[in-house]
Amino acid sequence: SEPNLAQAEALGSETPARLGSLGSAVPLQPEGCTGTSVSRSMAAKFERLVETERPDGWGSITEVLNAPLQDVAGDESWLSVIGMWLLFPLNLIQGIFGGLIQALFVQLSLGFACLPGTSGAVLSDRPCSMAWLWWRYTFAALTALIANGRSRLALFMWEWEAFGKDRFWWHGEGVWCWSYTDCDKILRSEQGRKSAFGAVRACVPDLFASNILIFLPNTGSDSEWAAIRRALHMHFLDTGLEQYRTRVNQLPKLIAGDWKKPKLEDLSEVALLQKTVAKCIFFVMFGQWITEAESEILIGWRTNATLFILPRLVQRFIGNVGIKKVKKLREDTVGLVEKYGLEHSFVAMNNSMSDRWRRTPVVKLCDEIMYVVGFAGIGGTCAACESVGSFLQVKIPAESAAEHIKWGKFDSRLKMITKYKESPEKYIKETCRLDPPVTSATGVLKEATKVMLAGKEYEMPAGLLNQYVLSMANRDSSMFEDPEVFNPDRLTLNKAVTWNGAFGAEDEDQFPRICPGRYMSIDVTTAVINHALSHTSELGVHAIRATP
């Protein structure tokens, strides 16, 4: 469909070239023409031309998605899945009790008397013979999550309490830590990483793309992680470029073109928020304001969030329904890149890296980058907007730890809106400190470590998965006074590690893995919330050349 007048005016100042920074693309109209001046037949012909021009070495996304599976444990085999189904009633009963009784949950994790727990299976490399331990544990973890209001933070705190409220606890395939001191130390360091998510091995390459940034260790300036992150900044996330600032400042008009007569209550319409965020993220990165139907594709990165946390055993138990949905989402996301003629941006990014790190075919790199854009950029920013929208209405967001959020002196809509307008950035940061889009991240132990679990000392080997819990670090009373109270004026606000580092702190550059899209996330969230409140504030103020 042709853009309306407001969108045409906003887009008219930018005619992207075939190559360039920030994901420039071939426009779907001749040079020098705005959207409303191009006939539908000309646009259709031009789009067909773009679709047939695949760069050399681009490849097939289907082949990437259907590559051989990686690192499948014995207890995730189809034989194990059959056993899990055959003993389903017994597993379910044990799991329900295990997810409601903390002492039993600990025993399922660590073992009891002569019976091992899931930790024993992990330390034995998860053989099929120990699969039965995971069958009941799976239902226990699911029950505990439901019992805690489906809030990940509430679940983490329940498990931490179950294991004795010490420095560590066990979940999945590793140990978890929560204190600000531990998380801060990890975030400032070179981190070992594996293909794992939520402290369990990830389903690669069908559910997760292989070699995405969150799976790569940041072990030096010549590492694969460093090369990809530098290239990502240079080609897509350099906030110092005039093109970035121009696009960000076009967002208000573009949003207004689609979202008529905005009001505060619109922030409760989750689908509206999600589609608006998807359009904004795609536009800021690639210069294309996508259609309503295309935005419905991209919001899958938010609506399918539950599927990403399920391990392969569970995915197979439910017939790989989740994996099939995510594979389709990845295929359709790359399809948007191809539709808008953006392939050459990824070719340029691929060519900018050394031979060691270049992807073959190039569509594999496109899939990896778009996975991060979708999973973190769209999914994370949607979560931020949803949380801010709820806070402004003095509502607890869905799936949040309701018992651990206090409004303090901001106990009315008027007070909330007034505080937001004083400083949108502070308001967004404090909201996300209390209800973070990303609750934790997975690393590994650098060395053998002695940990106390439920009053007993264990020695865990180097390389074991180690989850650091950002959402609990943000509530550590040693750093944040009255940590459960909403207060955008708190002195330590920029110490919050919501974006995988202290965003806005004086020593922000000491956090090598801080979110590369943090400025874009703040700008997009601000633009969306501003529109709902009919408020204006400066966007793109972080006009600096973002460092890798």
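Leaving aside neighbours within four places in sequence, which residues is Arg201 in contact with? In this predicted model, the partners of Arg201 beyond that window are Asp71, Val72, Ala73, Glu76, Asp125, Arg126, Glu173, Ser195, Ala196 and Leu465. Arg201 itself belongs to strand S4, which spans residues 200–201. With a relative accessibility of 14%, Arg201 falls under the 20% cut-off and therefore counts as buried. Its side chain also takes part in a polar contact of 3.3 Å with the side chain of Asp71.

A helix pair comes next. Helix H12 (residues 242–258) and helix H24 (residues 518–533) have axes that come within 9 Å and cross at roughly 25°. Because angles under 35 degrees count as roughly parallel, H12 is described as roughly parallel to H24. The crossing of these two helices is right-handed. On the H12 side, the contact is made by Tyr244, Val248, Leu251, Ile255 and Ala256, while H24 contributes Tyr519, Met520, Asp523, Val524, Ala527, Val528 and His531. Sorted by class, this contact has ten nonpolar residues, one polar and one charged.

The backbone offers some details too. Most residues other than glycine have a negative phi, and most peptide bonds are trans. Val204 and Pro205 are joined by a cis peptide bond with omega near 5°, and Pro205 sits in the loop between S4 and helix H11 (224–237). The bond from Thr360 to Pro361 is cis, with omega about 0°; Pro361 lies in the loop between helices H19 (343–351) and H20 (362–392). Arg150, not a glycine, has a positive phi of about 60° and, at 51% relative accessibility, counts as exposed.

Technical notes:
Residues are numbered from 1 along each chain as its sequence is written. This is a predicted model: local features need pLDDT of at least 70, side-chain atom pairs count only at pLDDT 80 or more; totals for chains, interfaces and linings use all residues. Side-chain values use heavy atoms; hydrogens and water are left out. Axes are lines fitted to C-alpha atoms, for helices over the stretch in contact, and angles run from 0 to 180 degrees between N-to-C directions. Helices (H or I, at least four residues) and strands (E, at least two) are DSSP runs, numbered from the N terminus. Angles under 35 degrees count as roughly parallel, over 145 as roughly antiparallel, 65 to 115 as roughly perpendicular and the rest as oblique. A crossing is left-handed if the near helix is turned anticlockwise from the far one by less than a right angle, and right-handed if clockwise. Contact means heavy atoms within 4.5 Å. Ala, Val, Leu, Ile, Met, Phe, Trp, Tyr, Cys and Pro count as nonpolar, Asp, Glu, Lys and Arg as charged, and the others, Gly among them, as polar. Buried means under 20% relative accessible area, exposed over 50%, partly exposed in between (1.4 Å probe, protein chains only). A polar contact is a pair of N or O atoms within 3.5 Å; within protein, one must be able to donate a hydrogen and the other to accept it, and residues adjacent in sequence count only if both atoms are side-chain atoms.
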